[in-house]
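User: I would like a close look at a single part of this model. Please keep the sentences short and tie the part to its surroundings.

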Amino acid sequence: MSLSLRIFIVYLLFVALCSYFVLRTVMDEIRPGVRQSTEETLVDTANLLAEFLREPLLTNQLQSPRINEILQAYGQRQPNATIWGVSKQQVNHRIYVTDDKGIVLLDSSNIAVGQDYSRWNDVLLTLQGKYGARSTLETQGDENSSIMYVAAPITHAGKIIGVVSVAKPNRSLQPYIDRTQRRLGLLGAGLILLGLISGAIFSWWFSRELRRLREYALNVSQGQRAVLTPGLIHSGELGQLAHALESMRNQLDGKAYIEQYVQTLTHELKSPLAGIRAASELLQSPMSEAQQQKFLANIESESLRLQQLIERLLNLALVEQQQSLHSPVIISLKHLIESLLNTRAARIAQQKIQLQLSLDEHAEIYGEKFLIEQALLNLLDNALDFTPVAGQILITVERQDQHWVMRITNQGEPIPDYAMPRLTERFFSLPRPTTGRKSTGLGLSFVQEVMNLHQGQLQLLNTSSGVCARLEFPKQG
């Protein structure tokens, strides 16, 4: 199981549990909250009625036709009100009045007149000078049938002369409770969904950072080019870890690279240095002028070989250590090839080489001009080295899919099978047909490194037309 999936699962469980407990708590508080608000309104209503009913109670007019008409008209009213999306089409209050003994004198529902309500808490507590309220089930076992009763004392000269109670069925409140719970549920579900999406985005972002860091570390461990571009890792801690890895890689690579090149350079310099030393020792002995010229020529050729070896080693070291392009520009392959051919014009004329060019004028690549020039010069020199006098070299550049393909084909002998897999190996070289001598063996290795740096490919092939060096560059634009 991936780390990002584990993080998301933990986050999902956390959000789900927290959301459940929060929503459950809020849902449980909605019903008592609505009822508390309603009870507060009933308190105000009961006290208002107590003031209105004081005079009729004192004058024994509570059961007058006028008051009964008012209560009957009140019970038949249709408010046609829409409260927070809930339609209200009838009033739900029941009002009854008792004397100071708890006997019902007036009842808006006409069901309790003359009954003794002195034992009910709303009347009992109010007659005792306390806050009187009760909740009674209209149907036993059905909690939704409960009715709230709130009473207020009717006073005269500081004495309680009666009690007025206002009742409201809780089922009339249920639509508002349901609406609030439904809206809260939808809001909670939306918040949970938003939280899950945020968690998924965070998990994806965090795992992407880790994947980039892992890929960088794997490339480094496999000796491949790995570039830690600015902004690749956005997380502060992971960015610090990435920079620490890069610093460690640079130090380890530099140490290993120097050790390897010191050993290689020491080995490769032994042969020409030995030749120069031997020739110089022989020159100290008496010999003819012709022999002296021969040994001087040997010293010059070995010195030139040393110079070429050092220069190519430096170039190869430069490109092998380079992890990315430093100063890339857009390069026209046609113009570059024509310029390089001009630098080798004398040699081409001397060997009477027949050049055939097929270059696309629109071929452009993006890279470091110096490195591309050196790579193409190496391939051109190789082609000249292995092409017989009056032979032919064919250079083509054409577009294939999303790449520019360049081919340098010469009429030399085919590459032996044993040598084919080692051609780009450092210090491996085949003897030149004209002299029998080998080169430094660094040219094709340098070309390979340059192509890797430019996200391209190098292929060396035996074809019916001769030996072909095929370069594939990503197409610019």
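Across which strands does helix α10 (residues 443-453) lie, and at about what angle to β13 does α10 run?

Analyst: A caution comes before the details: this is a predicted model.

Helix α10 covers residues 443-453 and lies across β13 and β14. The helix runs at about 130° to β13.

Start with burial. Of the 11 residues of α10, 10 are buried, so the helix is largely enclosed by the rest of the structure. The buried residues are Gly443, Leu444, Ser445, Phe446, Val447, Gln448, Glu449, Val450, Met451 and Leu453. For the chain as a whole, 36% of the 477 residues count as buried. Just after α10 comes Gln455, which takes a positive phi of about 60°.

Next, the helix partner. Helix α9 spans residues 369-386 and packs with α10 at an angle of about 140°. The two axes are 9 Å apart. The crossing of α9 and α10 is left-handed. On the α9 side, the contact is made by Leu371, Ile372, Gln374, Ala375, Asn378, Leu379 and Asn382. On the α10 side, Gly443, Leu444, Phe446, Val447, Val450 and Leu453 take part. By type, the residues of this contact divide into 9 nonpolar and 4 polar, with no charged ones. The α10 residues of this contact can be read against the burial list: Gly443, Leu444, Phe446, Val447, Val450 and Leu453 are among the buried residues of α10.

Now the sheet. Strands β13 and β14 belong to an open sheet of 5 strands with the order β9-β11-β12-β14-β13. Pairing in this sheet is mixed. The edge strands are β9 (354-359) and β13 (457-463), and each pairs on one side only. Thus α10 lies across an edge strand, β13, and also across β14. On average, neighbouring strands of the sheet are turned by 15° against each other, direction ignored.

At the β9 edge, β9 is joined to β11 (residues 392-400) by 6 bridges. These two strands run parallel. Within this pair, Gln354 has Gln392 of β11 as its bridge partner.

Another helix lies across this sheet. Helix α7 (residues 333-343) lies across β9, β11, β12 (403-410) and β14 (466-474). Its direction is at about 165° to β9. Strand β14 therefore appears in the account of both helices: α7 lies across β14, and α10 lies across β14.

For context, look at the whole chain. The chain has 10 helices and 14 strands. Another open sheet of 5 strands has the order β4-β3-β7-β6-β5, with antiparallel pairing. The edge strands there are β4 (104-107) and β5 (133-137). Neighbouring strands of that sheet are turned by 25° against each other on average, direction ignored. Within it, β6 (residues 146-156) and β7 (residues 159-169) pair over 10 bridges. Tyr149 stands opposite Ala167 in β7.

One last number concerns contacts. Among contacts between residues at least 6 apart in sequence, 64% join residues at least 24 apart.

In short, α10 is largely enclosed, with 10 of its 11 residues buried. The helix packs with α9 and lies across β13 and β14.

Definitions and conventions:
Residues numbered from 1 in each chain as written. Predicted model: local features only at pLDDT ≥ 70, side-chain atom pairs only at ≥ 80, totals over all residues. Heavy atoms only, no water. Pairing = 2+ DSSP bridges. Helix = DSSP H or I, 4+ residues; strand = E, 2+ residues; numbered from the N terminus. Axes fitted to C-alpha atoms, helices over the stretch in contact; angles between N-to-C directions. Contact = heavy atoms within 4.5 Å. Left-handed = near helix turned anticlockwise from the far one by under 90°. Nonpolar A, V, L, I, M, F, W, Y, C, P; charged D, E, K, R; others polar. Buried < 20%, exposed > 50% of the residue type's maximum accessible area, 1.4 Å probe, protein only.
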